Each structure stands twice: as structure tokens, then as C-alpha cells.
Amino acid sequence: MTLASSARTRRRLTIRRRGMLPGFNLSLAIVTFYLSALVLIPIAVLTWRASAMPAAELWAAVSGPRARAAFALSLGAAGTAALVNALFGFIVAWVLVRYEFPGRSLLDTLVDLPFALPTAVAGIALTAIWAESGWVGRHLSAAGIQVAYTPIGVTVALIFVGLPFVVRTVEPVLRELDPVLEEAAAVLGASRLRTFLQVILPATAPALGTGFSLAFARALGEYGSVVFISGNMPLRTEIVPLLIVTRLEQFDYAGAIGIAAVMLLVSFVLLLLGNLLQAQRRRRHEGA
Amino acid sequence: MTGASPVHRLAPIAREPLAVRLLLTAVAVAFISLFVLLPLIMVFTCALADGAGPYWAALQSPETWSAIKLTLRVAAVVVPLNTLFGIAAAWLVARYDFVGRSVLVTLIDLPFSVSPVIAGLLFVLLFGKSGLLGSWLSAHQIQILFAVPGLMVATAFVTFAMVARELISVMEAQGPSEEEAALTLGASGWQVLRHVTLPKLRWSLLTGVILCNARAMGEFGAVSVVSGHIRGMTNTLPLHVEILFNEYNFVGAFAVATLLALLGLVTLLVKRLVHASGSRE
Amino acid sequence: MSVAVHALSKRFVHSSTPAVNEASFVAETGAITALLGPSGSGKTTVLRLIAGLEEPDSGSIHIHGEASEKTPARHRGIGFVFQSYALFGHMTVRDNIAFGLKAHRWPRAQIDARVSELLSLIQLAELGGRMPSQLSGGQRQRVAFARALAPRPRVLLLDEPFGALDARVRLELRQWLQMLHEKTHVTTILVTHDQEEALELSDQIVLMQDGRVVQKGAPQTLYDAPATPFVASFIGNASVLRGQVQGGRASVGSAVGPVVAGAADGTSVQVYVRPSDVRLCRPGSDAAPVSLATVRSLTRLGGVIKVDLHLPTQDIVTVQLSRGEAEALQLAQGDRVHFDLGDAKFFVGDEPTA
């Protein structure tokens, strides 16, 4: 490369826009301003406050018995709920894509409800259902199972919250599956189960993984749907978001920041995982 | 988020047996009924548990009215602002390529993956008395936390990207050819936006706006942290529901909840209609 | 009014090779210039640079003598027709055609008159109130032409305008474009990968490969005198034969070609043979077997006969004969014939022989 051309290349590494539509500067200004004011600066403040804390204090905030119990509950319940959603969400997606039955349209609309219904409304409704006197709760308590005010209740609420994520991520992939693949497998003599395990599942596994991590991430941070049914008993049914709120109300900023920082980290990792899975899926499709 | 579309037809040789199909359908229906339909029905049943009279009374209480007005006020500010941002962001991300574009897209997705409680915490750290701007704010007698502006900021954060995400994916799928054609025909940037881009986007714009609105009106976690729960002043509808429920005023809580549930249902309905119209074009 | 492009270069943000590399040519006023080449050759990028839809890294663009590289697209006075039509889906046909006129703030009456004029020009006068989704592909493309022509552009730029249409519609529109050009005489630059289209429609072909202009000139010139093997292979459906320099002449087996100056014996030679380049005749009784070709197969393609010949060098060459010629020769599969590569294009390395 000659000196002249390397100089040209260096110039190219500055903000080089492709696309000759007018309005680049204006839209960049609006986006940068709004993004900074609303998102970057607040997050920067949290990061700054968290890094300004002495490491010992940060550790104490996160490792106390109450915090550990909260993390265990949040992670455990979110993971369980995401797994349940992965299994049943897949079935729902399958049924919606492949079968015709009365009420299919209604089912399809209902899948989006957890997304559209305010979390507080979901929270009190779930409590009313699963409490000992509730419609479902009373039958279960006759069998000796208590749901509300236990970790099971927390998990139930998180299932509600994460439901649409799995269904809506898996649906398009199922829909795009070429029927000829399954027909070819059948003609070759494969049983339906074998076809499912060796043809369909591998094709939908990445989407299922993405849906799982999206549901998991959402469940981790969920507040409104859970605080009513959980009972919020420290060390037993206290989720991490509630612990943050409690510490804030007690002006224990360090405690709140510590936990929030850890949660943010976990969210970022999950976001990254989700993005990586999606990018891998895209690369697979392009290579095919 | 898609609507019901034509069913995928396999040759009979490749289909699973009828019994399996019925079982799977039954499982799916049961699952959705238990976890989604039942809570929805519950809201209305509990609200009307004592009959229509107490239901209407709960809705007409002055505190409910101020909660409604406050919720509407917040949405009326937050939704247009986020829509404006959404249009600018979609134009920027979908029509240009530049260094840092993927970082920008990740940043736009960020508030979506953050717990609403942490969102509230962020603004407490920024605007609170011991926060970054705390002393400056009290010196100028501006109150953000525990007042309406705080609610607006927290709600704006949480619903930040809802319009943008909707518009970005659609604009990327549609491609720039129509805008470029308009440019070669002599249109200015604003003419292109007004006559070509926005009309093309009208369905996704509507979807994004109603989703943003539903989330803005229904936001609980973030708003709970920054509001201070001052009855009649900083209680939005969701916070009002919480207060009534914690006071064991179940009919009242569920009555107010029906308003929010209706909002959710209307949102879903509009989304379905938009999807149907959109696919007809 | 011409379009002069000089040393135009463009490299896109995420790629290491330039999309356009020092491209230069002149599109004459009132003529149709074809930018021809395989996909990835840079021809569409050159067109978009001329239109102002991309920004060049270096080089100049002169439209009617005015330097235009920095002028925004909307002020260049060009009309652009996209391969995907890019009609405004939410506007009627009339509103689509009127768009450019409204952008230039023409008075209402003039807009209506001009739109009606164009609707009859494209022969869609009754469809003015329809939406694009109600039209066929060919109709939509005609509307796209009308829309581009409405503001009376100085230059018309066409980006593979018929690429999205099926074969019969493509041929119909090709003739229609010729008729349109005769009526309007607008300077036109047409991007295509279809060499037949370029040969039929254009007054000048600019052939591009990997971002560079490989050869430019009248269609017949590129056909008769290709400058490089690439040009010979791209234009005219040629078969390739490989041979060597022997005794100072390029030869393929025993078929001897033109004299080659300055190349040693044994240098490799490529020969591009078009179906119409080879002359066949019945061998005389004294012809040496080694100079004859064997007829491998005969196929009737409608009104012509396609003959595959097996050369003594094991190459296979396709020859095209009219029904008359074939009947005169009375060819059958397995026959030996004498072949003459007289009109084929010989290349030593990358250089054509005289």
C-alpha cells in the first residue's frame, strides 16, 4: 500500500457513513442526546458509584445471608420458570403453527397477554388464584401443597412473565421449517419421534436457547408480578429486586448498589449470550 | 410478535398420529388457560365479587381519579418523546452504516434487559438528595424524585426503545429503495420523511406507539422506586392497585385493575388488527 | 448532454477490495450506454455514484460539463429506475408519476397534463387510479419509467430494469425501451449483466470486471475485437480452446491460427470460439485425419442446428448452423468434418493476437 492510499484508508476509519440520504447529522444528534441523557448517564452514575465503593463493602452487600438467599431464589425460580416455559412454550408454538382447531386465534392472542398486561395486575390476579383460598390454591392446599407465599409461587409468577418469549422466538423458526425435510425423513422410514428428535429439534434448538435466555433474563429482573404472590419474607421468599427496594428504603445505598451491580452483570452476560446465539443462527442460515 | 397465520400442511405420511395431536393441543390449551386466561378472568371476577355497585364506587373514588389523571399525564409526555426518538433512531440505524452502529443498537436494546427496579435505582442515584445532581436540584428548588417529573423520567427509561425497535426492524426489512427513488426525483430530506417513509411505516408506528403506551401506563417497578407512594399525588394506577391490595381492599384493587386489564386487551386487539391490515398490503 | 466519469473509485466501509477502481468513460448525449459485467463487477455502484446515491472516494463526475460529485442527488437532474421498481406502495399510479413534479413545485395544471402525457406514453392511460400492488411486474416497471421521466431529467439511469421480470416480458420491454428512447432521446445509462440486452440496445458498451473498466466501445467492436479473454468469454457465448504457440503461430492441435510475434514456442494460447465463428466443410479425400473433427452430437433448437464437435485435441466446440447450411452438409453423428477457426479470437497470455 502506498503512502497516499494508506492515508486514504486512515481517513476512512472516521465516522464514515454509507447512505446518501439527508438527515444523518440531525438524527445522530437527536439519538446521541436522548440516549446519553436517559440511558448512558444514569448507568454511568451507577457504575461510578459501584466502583467508588471499597471492595469489602461491595462483597458484604452481596454475600450476606439475606442477599445469598435472594440470589438463590431469584436464580433458581427464574431458571425453573424458564425451563418450564421452554418445554410448554415449545408445545404451544408447535400447536399454533401446525394444528387447526377452534379457538386457535384466541390462543394466539392470549400468548401476548403477559406482554401487554401491567405487572401489578398480573401480580394480584396470580395471588388471588394461588392463595390458599384461591380458585386453584384451595384444591392444592387440600392436597397439602402451598403455592402462594412460597418459592413455588414465585416460580409460577415467573412462568407467566416469560411465556411469550419462548413461544414468539420458536414460532417463526417452526414456521420456516420446510415440510419436505420431514416428508423425506418419513419416506426414508423414520418414525415420527425420530424425525422430531433428529430433524426438527436440532433446527429449532438455537431459537429455543434464545427464548430460554430471554425468558430467564426477564424473570430475573421481574418485580411487579412477583411481589404480591411471594409474601416477601426475608431469607425465604424475597427476590433480588425486592431486596434492592428494601435497602433503598432503608437508605442503605451501598447495599442496593452492590446487588444492582451484580444483577446488571448477569443481565449483560445473558444479553450477550442471546445475541451470540442469534448471530450463530444467522451465520448458519447464510452458510447453508 | 406475529398473529395467527395459515397452518403448515404436512403430507399425511409425515404427520404424527391423531391421538398425539389431540394430546399436544390439550396440553397447550391447558397451559395457556391456567397461566394466562385464568388470571385475566380472575381480575374481572374479583372486581365484581360484591356486585356492580361497589365496583363503580371503587372506580369513582377521588384517589382513583387522580391516579387515572396522573397515569394519562405521564403517558402523554413519555410516549410522544419516545416516538420521536424512535423515528430518529430508526432513520439513523436502518439507513446508514457507520463506525459504532452496532454499539448503538446494543445500547438501544439495553434498557429492555435491565430490571425496572434497577432503572428506578439509577434515577435515585442521579436525582436523589445524595445523588449526583441532588444538591444542584435542591438549590434550584426543582424536585424530580417523589414528584411527577421523576415518574416521567423512570417511565421514559423503561419504555425507551419500544417504538425504536419496532421501526428499526421494519425499516431494515423494507430497504431504502423507495427513499432513494424519492431523492432522485428531487425530494428534500423532510419531503422524503413525510411523503415516503412515515406513510410506509404507519402500521409499525401504530404498533410501537400502543405497545409503548401500554407499558408506560402499566409500569410498576421503576415507578414504585421513584414515586414515594404519595397518595393522590404521585400514585399512578398500578401503584394505586398495590396500595389498595395491601390494605386488603380487594374489590377496590381489582376494580382499578380492570381498567389496566382493559388497556392490555385493547392493546392486543389493535396489534392484531394492525397485523391483519399490514399483511393485506 | 453527456455524462463524463473520470478515475472514479469507491470502497465500501466493511470490505477490503474496492467496489469501483479508477473507472472512466463518457456516455454520449442522447445515446444509450450499457454498463455490462458479471455480479460484483461494480457496475451498479458506478450507476449509484453517478446518481448521487453513493459518495465516491476519488475521481470526478461531470454531467453536462458541470462537476457533480458534490451535488446532492436531488439536484443532479437525473432519473433513476430501480430493479425492484421502488414504486411508492401507498400512492396511486398517478401520484407516483406526479411525485417528482410535486417535489419541484410545478403548478397543479401542469402536473396533471404531464402525468396524462406520460400515462399514454407508457400505454397505461386507464390505470392511473390503481395502486402498484394491483399491477403486473411489467406494468409496474413502466410506471417506474414514467415516474423517472416526468421531471424531464437530463440523464436516465437504469439499474437492471428488467432483471425481476420473466423472459417474455423482458423481451417485450426491451423493445418498448427502444421505442421510448427513440421518442425521448434522453441520455441513458443502462446497467445489465445480460450481454444480449447490451448488444441489442446500446450504442456503447462499457464492460466492467472487479471494479475496473476492461473495454469500452461500440457493441460490434467488443464482439469483433475483444481486448482480453474475459471480454471474449463474456460477450457471445464462446467455447474456450487451449493450445500453444508452434512454429511462430498460435495453434490448437493441428488447426493453425494467426502469426504470433515475440512469443516463444510452447507459450500457452487461449482461443475463444463463438458458435458462428467456425466454418465447417466436408473433408476432401486427401485430408489428414488429424486435422478433422468428429461430430459428437446434433441438436435442433427451433430454427438452428447446434453441432458439438470433438476436436483432435479432445476439446469440444459448439457450432451453430442454420437449417440450410446443415442440410447442405448432410451431417450425421460420428461424421468427420474439416473445421476452420478463422473468426475465433486468439489470446497469448492476456494479449490478443492481431
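Chain C mixes nine helices with 21 strands, where helices (H or I, at least four residues) and strands (E, at least two) are DSSP runs numbered from the N terminus. This is a predicted model, where local features need pLDDT of at least 70, side-chain atom pairs count only at pLDDT 80 or more, and totals for chains, interfaces and linings use all residues. Residues are numbered from 1 along each chain as its sequence is written, while chains are lettered from A and ligands numbered from 1 in the order in which they are written.

**Chain C**
- Its C-alpha atoms take up a box of roughly 85 × 45 × 35 Å along the principal axes.
- Of its 354 residues, 42% are buried (20 or more other C-beta atoms within 10 Å of the residue's own, with C-beta atoms placed from the backbone).

**Chain A**
- Here we get 14 helices and zero strands.
- The C-alpha box is roughly 85 × 65 × 35 Å along the principal axes.
- Chain A has a radius of gyration of 24 Å, against near 19 Å for a compact globule of 288 residues; the radius is taken over C-alpha atoms, and the globule rule is 2.2 Å times the number of residues to the power 0.38.
- Buried residues make up 46% of the 288 in chain A.

**Where A meets B**
- On chain A, 83 residues are in contact with 80 residues of chain B (C-beta atoms, placed from the backbone, within 7 Å).
- Helix α2 (residues 24–52) of chain A gives the largest share of chain A's side, 14 residues.

Technical notes: Two residues are in contact if their C-beta atoms, placed from the backbone, lie within 7 Å. A residue is buried if 20 or more other C-beta atoms lie within 10 Å of its own, exposed if 12 or fewer, and partly exposed in between; C-beta atoms are placed from the backbone.
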